[in-house]
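Subject: Structure for you to look at

Hello,

Here is the structure I promised to pass on. Please open it next to this message, and then read on for what I found.

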Amino acid sequence: MKANGTSVKDAVGLLESIDMFNLSIRRLQIVALLTVSVLAPAVVAAQDYETEINAWRTDRETRLTAEDGWLTVAGLFFLTEGTSSFGTSPLNDIILTSGPEMAGLFKLRDGSISVEAIKGQTLSVDGNDVSSATLWPFEGNDPPTVTIGALTLFGHYSGDRLAIRMRDRDSEIRRNFTGLRWFPPDESYRVRGTFIPHAEPRVVELPNILGDVETFRSSGSVKLTVHDQEFTMTTIDSGDRLWFIFRDLTSGKETYPAARFLYAPAPQDGSTTVDFNRAYNPPCAFNPHTTCPLPPLENRLPVRVEAGEMDYHGSH
């Protein structure tokens, strides 16, 4: 009986151990389910955010490499008062990469740019064959454009200097483009900022990389904190958005030395969201024929912004 009693006691103990083990398993399962229910929305949100940022970056590269994107800019020719000939012949004042040897004449008179075809010929301006046309000043958003094969030419200004900008759909820069590079998306660089309006909108004068001074309108600044560092950035008015031209401690190392650009939504209830994962390079990072403004002193940030677009490693 003792042996049998011991056997029964052992059996009861074994059953109790099994029950305790099963109870522990159930508790672990409940904890796991609770953990998943708490973490799952955060994981899904993070995945959705990364998908959103990557989609925006894909669209950014598509626009950059488009037929009217910045990679097609193939020349910037500053005009002097008087007449400038253009064509493929080296005897011209403005030498084109393709087209007729002598295509026509650009004339700058008192801040106005006109174009004239060679006598007896015409030029295509905005799709119309004309003997002459005014290119600057112009009404509307898009300047009148001369088309010669794959080339388009139109008026442009840098500071107070007027020029002819040339685009080439077959430009070497566009053909040899090697793709954009980015920091991995990092939501810690997506922050809320407080909009501080100026008493009155201000005119901001910024030099560009050519040394010309460009003027912009600013209605305020944004105070924000990035990785425990607080600073205030001047904004440039850009339609219904805020435009930031900034530099940080990655500039000249991982990112383009001169500046990066960033847009934020117009403020609502005194604040806006600034997402440095959407920071991108100005066109001069890819193309020496473009002009870009430099950041104001207050937008030169004493922090490493390891987010957004990195420096381009193509050659130009």
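Strands S4 and S5 pair in the antiparallel sense, over 6 bridges. One of the pairs puts Arg109 opposite Ser112 of S5. Keep in mind that this is a predicted model.

The turn of that hairpin deserves a look. There are 2 residues between the strands, and Asp110 takes a positive phi near 50° there. Asp110 belongs to the loop between strand S4 (104-109) and strand S5 (112-117). Most residues other than glycine have a negative phi. Is Asp110 buried or exposed? Asp110 is exposed, because its relative accessible area is 76% and the cut-off for exposed is over 50%.

S4 also pairs on with strand S2 (residues 82-87), by 5 bridges and again in the antiparallel sense. Ser85 stands opposite Leu105 of S4 in that pairing. The two faces of S4 are unlike in cover: Gly104, Phe106 and Leu108 make up the covered face. Leu105, Lys107 and Arg109 make up the uncovered one. In a regular strand the side chains alternate between the two faces of the sheet.

Two other backbone points follow.

His227 is not a glycine, yet its phi is positive, at about 50°. Its place is the loop between strand S13 (213-226) and strand S14 (229-234). His227 is partly exposed, with a relative accessible area of 42%.

The peptide bond from Trp136 to Pro137 is cis, and its omega is near 0°. Most peptide bonds are trans. Pro137 sits in the loop between strand S8 (132-136) and strand S9 (146-148).

Next, the open sheet. It is formed by 6 strands in the order S1-S11-S10-S9-S6-S7, with antiparallel pairing. Which strands stand at its edges? They are strand S1 (73-78) and strand S7 (128-130). Each has a single partner strand, so one side of each is left without a neighbour in the sheet. Neighbouring strands of this sheet are turned by 35° against each other on average, direction ignored. Inside the order, S9 is joined to strand S10 (residues 151-158) by 3 bridges, and the two run antiparallel. Val146 has Leu153 of S10 as its bridge partner.

Edge strand S1 also holds Phe78. Phe78 is partly exposed, at 30% relative accessible area. Together with Ile209 and Leu210, Phe78 forms a nonpolar patch on the surface. The accessible area of the three together is about 230 Å².

One polar contact is worth a check. The side chain of Asn287 reaches the backbone oxygen of Val73 at 2.7 Å. Asn287 lies in the segment after strand S18 (271-275). With 0% relative accessibility, Asn287 counts as buried.

Now the charges. The structure holds 10 salt bridges. Here are some of them.

- Asp59 with Arg63: the closest N and O atoms are 2.8 Å apart. Both residues lie in helix H1 (residues 2-64), 4 residues apart, which is about one turn of the helix. Asp59 is partly exposed at 38% relative accessibility, and Arg63 is partly exposed at 44%.
- Arg161 with Asp212: the closest N and O atoms are 2.8 Å apart. Arg161 is in strand S11 (residues 161-168) and Asp212 in the loop between strand S12 (190-207) and S13, so the pair ties together parts that are 51 residues apart in sequence. Arg161 is partly exposed at 33%, whereas Asp212 counts as buried at 10%.
- Asp275 with Arg190: the closest N and O atoms are 4.0 Å apart. Asp275 lies in strand S18 and Arg190 in strand S12, so this pair ties together parts that are 85 residues apart in sequence. Asp275 is buried at 6%, and Arg190 is partly exposed at 41%.

Glu254, Arg304 and Glu306 are linked in a network of salt bridges.

Best wishes

Terms used. Residues are numbered from 1 along each chain as its sequence is written. This is a predicted model: local features need pLDDT of at least 70, side-chain atom pairs count only at pLDDT 80 or more; totals for chains, interfaces and linings use all residues. Side-chain values use heavy atoms; hydrogens and water are left out. Buried means under 20% relative accessible area, exposed over 50%, partly exposed in between (1.4 Å probe, protein chains only). Two strands pair if DSSP finds at least two bridges between them. Axes are lines fitted to C-alpha atoms, for helices over the stretch in contact, and angles run from 0 to 180 degrees between N-to-C directions. Patches are made of residues with over 30% relative accessible area and no salt bridge: like charges are joined within 9 Å, nonpolar side chains (Val, Leu, Ile, Met, Phe, Trp, Tyr) within 5 Å. Accessible areas come from the Shrake-Rupley method with a 1.4 Å probe; for residues, only the protein chains shown count as cover. A salt bridge is a side-chain nitrogen of Lys or Arg within 4 Å of a carboxyl oxygen of Asp or Glu. A polar contact is a pair of N or O atoms within 3.5 Å; within protein, one must be able to donate a hydrogen and the other to accept it, and residues adjacent in sequence count only if both atoms are side-chain atoms.
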